[in-house]
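This report describes selected features of one protein chain, taking aromatic contacts, strand pairing, helix burial and internal space in turn.

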Amino acid sequence: MTIDIMLPFWGEPELLYRTVESVRAQSDGDWRLTVIDDAYPDPGVAEHLGRLDDPRIRYVRNDENVGIIENFRASVRLATADHLMVLGSDDLLLPGYVASLRAAIARHPEAAVFQPGVRVIDEHGAPSLPLVDRVKQRLLRPDTRSGDVEMQGEHLATSLTRGNWLYWPSLVFRADAIRAHDFRDDLPIVLDLAILLDIAFAGGSLVVIDDEVFAYRRHTESASQKAILDGTRFTDDRRFFLETARRAEAHGWRATARAARARVLARLHALTTVPAVVRHGDADGRRALWAHILR
């Protein structure tokens, strides 16, 4: 039961090397790693990976930079195992990740998605738990202390619509479940939530396990932060949630539709960005912010 670890890369090579070493340090060696280099202008990356001389590691380089969405598509397309993950090039697998996820797959062979426990770290690798992660982990994430939690259908869709408490780079997918859908070009910031809701609407289940086996690096500067300042995060969110509400109504999922129309946590999160948007955002960003909060 090999897990394909797909690793799109554009960024800091030293962080990538640490991510790769975290894969190689797994207590369970039944994995394959594919690094997809999005035409990063440094030949040292290929040279470094070649020196590792590990037959489980494959290096693929794009002829030109195609961006994260196309690299996510390539990750799904290039995977050959029954289960895969799309790892961030600055995140870390803790040593028991593969063993824990393979055991969870054995317990729930029909599940579409698996979410392990996650440790949040900052840019420097130090433990960190900003407000967004405290809400995710303490208020939204199901309590797994008594064992695995399996969610499906309206229950899963409503939970994720109220607040996306998942950590995309830590997820393991059943390959056929994610291949049944596509990443949306028009939703670059929430494309992870979009495809997870596609899986939920299609009847796929999510299993949450207690094992903390993943380290997620939270950056203060990110694509989502920039999208907050120029307003695209808020306009995309509102459009997506309204679309989700209509979709849920068509399925008869009233709780999901109510959660999507209310957008309570999304609005509260937007409130926390007011100081930054007022100080550093442009006029479009400020208008989009207030529309997101008040409408």
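## Aromatic cluster and ring contacts

One aromatic cluster is formed by F72, W168, F173 and F183. The model in which this cluster appears is a predicted one. Across the whole structure, a search finds 10 aromatic pairs. One of them joins W10 and Y40 in an edge-to-face arrangement, with 5.0 Å from centre to centre and 80° between the planes. This pair links distant parts of the chain, the two residues being 30 residues apart. W10 lies in the loop between strand 1 (3-9) and helix 1 (13-24), and Y40 lies in the loop between strand 2 (31-37) and helix 2 (44-52).

The two partners can be set side by side in terms of exposure. W10 counts as partly exposed because its relative accessibility is 47%, and that value falls between the cut-offs of 20% and 50%. Y40 has a relative accessibility of 16% and therefore counts as buried.

A further pair, F240 and F241, is tilted, with 5.9 Å from centre to centre and 55° between the planes. F240 is buried at 4% relative accessibility, and F241 is buried with a relative accessible area of 7%. Another kind of ring contact involves K136, whose charged end sits over the ring of Y167, 4.2 Å from the ring centre.

## Strand 9 and its partners

Strand 9 spans residues 205-217 and is mostly covered, with 10 of its 13 residues buried. Strand 6 (residues 113-121) runs parallel to strand 9 and is joined to it by 8 bridges. In this pairing, I121 has R217 of strand 9 as its bridge partner.

Antiparallel pairings are also present. Strand 7 (residues 149-152) runs antiparallel to strand 9, and 4 bridges join the two; here M151 is the bridge partner of L206 in strand 9. Strand 5 (residues 92-93) is likewise antiparallel to strand 9, with 2 bridges between them. The bridge partner of L92 in strand 9 is A215.

## Burial of helix 6

Helix 6 covers residues 153-162 and is mostly covered, as 7 of its 10 residues are buried. Which residues of helix 6 are buried? They are G153, L156, A157, T158, S159, L160 and T161.

## The internal cavity

Rolling a probe the size of a water molecule over the atoms shows where empty space is left. In this structure the count comes to 1 cavity of 30 Å³ or more. The space in the largest cavity is about 40 Å³.

The lining of the largest cavity is made up of R184, A194, D198, F201, F240, E243, T244 and R247. Helix 8 (191-201) and helix 10 (232-251) are the elements that give two or more residues to this lining. The largest share, 4 residues, comes from helix 10. By residue class, the lining divides into 3 nonpolar, 1 polar and 4 charged residues. F240 thus connects two topics of this report: F240 is among the lining residues of the largest cavity, and F240 forms the tilted aromatic pair with F241.

Methods:
Residues are numbered from 1 along each chain as its sequence is written. This is a predicted model: local features need pLDDT of at least 70, side-chain atom pairs count only at pLDDT 80 or more; totals for chains, interfaces and linings use all residues. Side-chain values use heavy atoms; hydrogens and water are left out. Buried means under 20% relative accessible area, exposed over 50%, partly exposed in between (1.4 Å probe, protein chains only). Two strands pair if DSSP finds at least two bridges between them. On a 1 Å grid over the protein atoms alone, a cavity is a set of points where a 1.4 Å probe fits but cannot get out, and a pocket is an open set with protein on both sides within 12 Å along at least five of seven lines; lining residues have an atom within 4 Å of a point. Grid points are joined across faces, edges and corners, and a volume is the space filled by probe spheres set on the points. Ala, Val, Leu, Ile, Met, Phe, Trp, Tyr, Cys and Pro count as nonpolar, Asp, Glu, Lys and Arg as charged, and the others, Gly among them, as polar. Rings of Phe, Tyr and Trp (its six-membered ring) pair if their centres lie within 6.5 Å; planes under 30 degrees apart count as stacked, over 60 as edge-to-face and the rest as tilted. A charge sits over a ring if NZ of Lys or CZ of Arg is within 6 Å of the ring centre and within 35 degrees of the ring normal.
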